[in-house]
Amino acid sequence: MGEVSVKLTVNGQPRAATVEPRVTLADFLREQLQLTGTHLGCEHGVCGACTVLVDGAAVRSCLMFAVQADGAEVTTIEGIGSPDGGLSAVQSAFRDCHGLQCGFCTPGFVVSVTAFLRDHPNPTDPEIREALSGNLCRCTGYQGIVNAVQQAAGAARRGELR
Amino acid sequence: MKPAPFEYHAPNTVADAANLLAELGDGAKVLSGGQSLVPMLALRLAVFEHLVDIGRIAELSGIERRNGALWIGAGTTQATVEASALVASEVPLLAVATPLIGHFQIRSRGTLGGSIAHADPAAEYPAVALALDATMEVVSPRGRRTIEARDFFAGLWSTSMEPDELLVGVSFPIWGGRSGFAVEEFARRHGDFAIAGAAIGIELDAVDRIRRCTLGLIGLGSTPERARTVEAELAGRPVTDVEPDEVGRLVMAALPSVPSDLHGSAAYRKRVGAAMVARAWTTAAAEARHG
């Protein structure tokens with residue numbers, strides 16, 4: 001049960017490592033690359049806290065092995081804002097609209113919403129709620145999060161999502 | 001919550017994958033999108049010595065017309081199916097079922113073949129495959145063969161594929177004429193497995209008589225189910241004479257055994273199922289009549 005070598009791009013930087021095949025992409029990002037912004041809630045694909053972009057698509061990084069990401073381009077929450085530390089439009093909207101309280105689920109929400117608004121810049125309210133259904137938040141009651149998505153949709157329509 | 005150790009294999013061709021499965025035997029499992037398998041590994045409900053990742057096999061992806069049917073490669077993601085104009089025009093039942101699978105983050109990775117090979121009776125694709133009489137194409141070192149949907153789903157999470165066989169594609173018949181399709185399901189939260197659901201297709205003749213109909217059922221048995229006796233009863237009748245609630249009652253009466261678990265008793269599931277059948281019938285009939 002040897003280790004396998006993996007090469008991938010994470011937040012624009014090429015990374016290479018050897019991993020045990022059973023290591024999930026989430027654990028690889030957190031423990032080997034020290035990118036601890038990706039959070040692990042349930043570790044079996046229910047809560048959405050570990051959502052990252054793989055080749056642009058929002059995926060649950062706990063339901064993918066790091067070896068499966070060989071050759072892929074991964075964007076984590078650390079790669080969503082601008083390199084100087086400025087917030088993205090989605091991050092700003094979450095702050096403005098009280099879309100977070102404890103913040104544990106927030107990285108997953110921000111990554112999911114970033115992908116959703118890129119593909120759906122004119123969402124209806126039911127579409128927003130459906131898109132949010134794959135991420136769980138135990139604090140906010142979701143209303144602030146829905147408001148944040150509505151605010152960030154304005155930025156998406158102006159092409160200012162990232 | 002960490003999977004047990006396993007040996008990882010990533011073949012580049014179907015032939016290599018089939019040889020690996022034959023060689024590794026019972027200790028091996030196919031890994032496709034992993035959206036059902038990885039949770040089971042994480043919870044250690046399942047442990048395998050070898051995982052054969054088919055995600056790098058290019059010939060497993062694609063959507064194309066073949067011999068009058070729509071062929072979809074087993075490795076095609078649900079997100080790709082959802083976005084396909086060809087699926088929407090040729091197999092509308094598959095198109096309306098897809099957005100009901102999990103959440104969009106799950107559909108990014110989850111595959112058509114993975115869902116069908118996993119054979120969960122509460123999942124959408126197995127019920128659609130059964131409802132449309134889809135044909136599964138499987139490959140082993142012994143060769144290639146096809147299995148009809150009615151012979152494919154053998155029981156809860158089990159199929160009639162041999163352990164060394166790999167599902168490579170599914171052919172969905174294309175319905176022509178004046179037809180309508182609908183999937184209705186009830187779940188407590190969007191994306192959860194349905195407590196009960198129905199996948200229905202209706203084709204009408206020029207004077208609104210039912211030329212054929214298919215009544216597929218989700219979460220109402222140990223496999224996806226189909227109410228064939230009711231389909232035969234309804235064929236030939238004017239669609240305007242058929243009460244949707246009557247279809248719901250007939251279908252529930254025809255079911256062999258309905259599961260009971262902490263999400264709902266068998267009696268509750270039947271009531272929900274009858275309502276889902278009635279709703280799906282209403283939508284499909286309206287679409288068939290008015291386009």
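Visitor: So angles under 35 degrees count as roughly parallel, over 145 as roughly antiparallel, 65 to 115 as roughly perpendicular and the rest as oblique. Which of those words fits α3(A) and α5(A)?

Guide: Helix α3 (residues 106–119) and helix α5 (residues 143–157) of chain A pack at an angle of about 45°, their axes 10 Å apart. The two, α3(A) and α5(A), are therefore oblique to each other. Axes here are lines fitted to C-alpha atoms, for helices over the stretch in contact, and angles run from 0 to 180 degrees between N-to-C directions. Helices (H or I, at least four residues) and strands (E, at least two) are DSSP runs, numbered from the N terminus.

Visitor: Is this model predicted, and how do the labels work?

Guide: It's a predicted model, where local features need pLDDT of at least 70 and side-chain atom pairs count only at pLDDT 80 or more, while totals for chains, interfaces and linings use all residues. Residues are numbered from 1 along each chain as its sequence is written, with chains lettered from A and ligands numbered from 1 in the order in which they are written.

Visitor: Back to that helix pair. Which residues of α3(A) meet α5(A)?

Guide: From α3(A) you get A:Phe109, A:Val113, A:Leu117 and A:Arg118, meeting A:Ile145, A:Val149, A:Ala152, A:Ala153 and A:Ala156 of α5(A). Residues are in contact if their C-beta atoms, placed from the backbone, lie within 7 Å. By class, this contact has eight nonpolar residues, no polar ones and one charged. Ala, Val, Leu, Ile, Met, Phe, Trp, Tyr, Cys and Pro count as nonpolar, Asp, Glu, Lys and Arg as charged, and the others, Gly among them, as polar.

Visitor: What about α1(A): which of its residues are buried?

Guide: In helix α1 (residues 25–32) of chain A, they are A:Leu25, A:Ala26, A:Asp27, A:Phe28 and A:Leu29. Buried needs 20 or more other C-beta atoms within 10 Å of the residue's own (12 or fewer is exposed, in between is partly exposed, and C-beta atoms are placed from the backbone). Strand β2 (13–19) of chain A is among what covers them. After α1(A) comes A:Gln34, with a positive phi near 60°.

Visitor: Over to chain B. How is it divided?

Guide: Into domain 1 (7–53), domain 2 (58–173) and domain 3 (178–290); those bounds come from an automatic or database domain assignment. Between the centres of domain 2 and domain 3 of chain B, over C-alpha atoms, there are 21 Å. Each of these two domains of chain B puts 19 residues into their contact. On the domain 2 side, α5 (92–97), α8 (124–131) and β8 (153–155) of chain B each give two or more residues, and α8(B) gives the most, with six. That side has 15 nonpolar residues, three polar and one charged.

Visitor: And B:Arg226, is that buried or exposed?

Guide: B:Arg226 counts as buried because there are 22 C-beta neighbours inside 10 Å. B:Arg226 sits in strand β14 (residues 225–226) of chain B. Leaving out residues up to four places away in sequence, B:Arg226 touches B:Leu130, B:Ala131, B:Leu215, B:Gly216 and B:Leu217.

Visitor: Last one: how many residues does each chain give to the contact between A and B?

Guide: Chain B gives 25 residues and chain A gives 23 residues. On the chain B side, β1 (7–9), α2 (37–42) and α6 (104–107) each supply two or more. By class, the chain B side has 12 nonpolar, eight polar and five charged residues.
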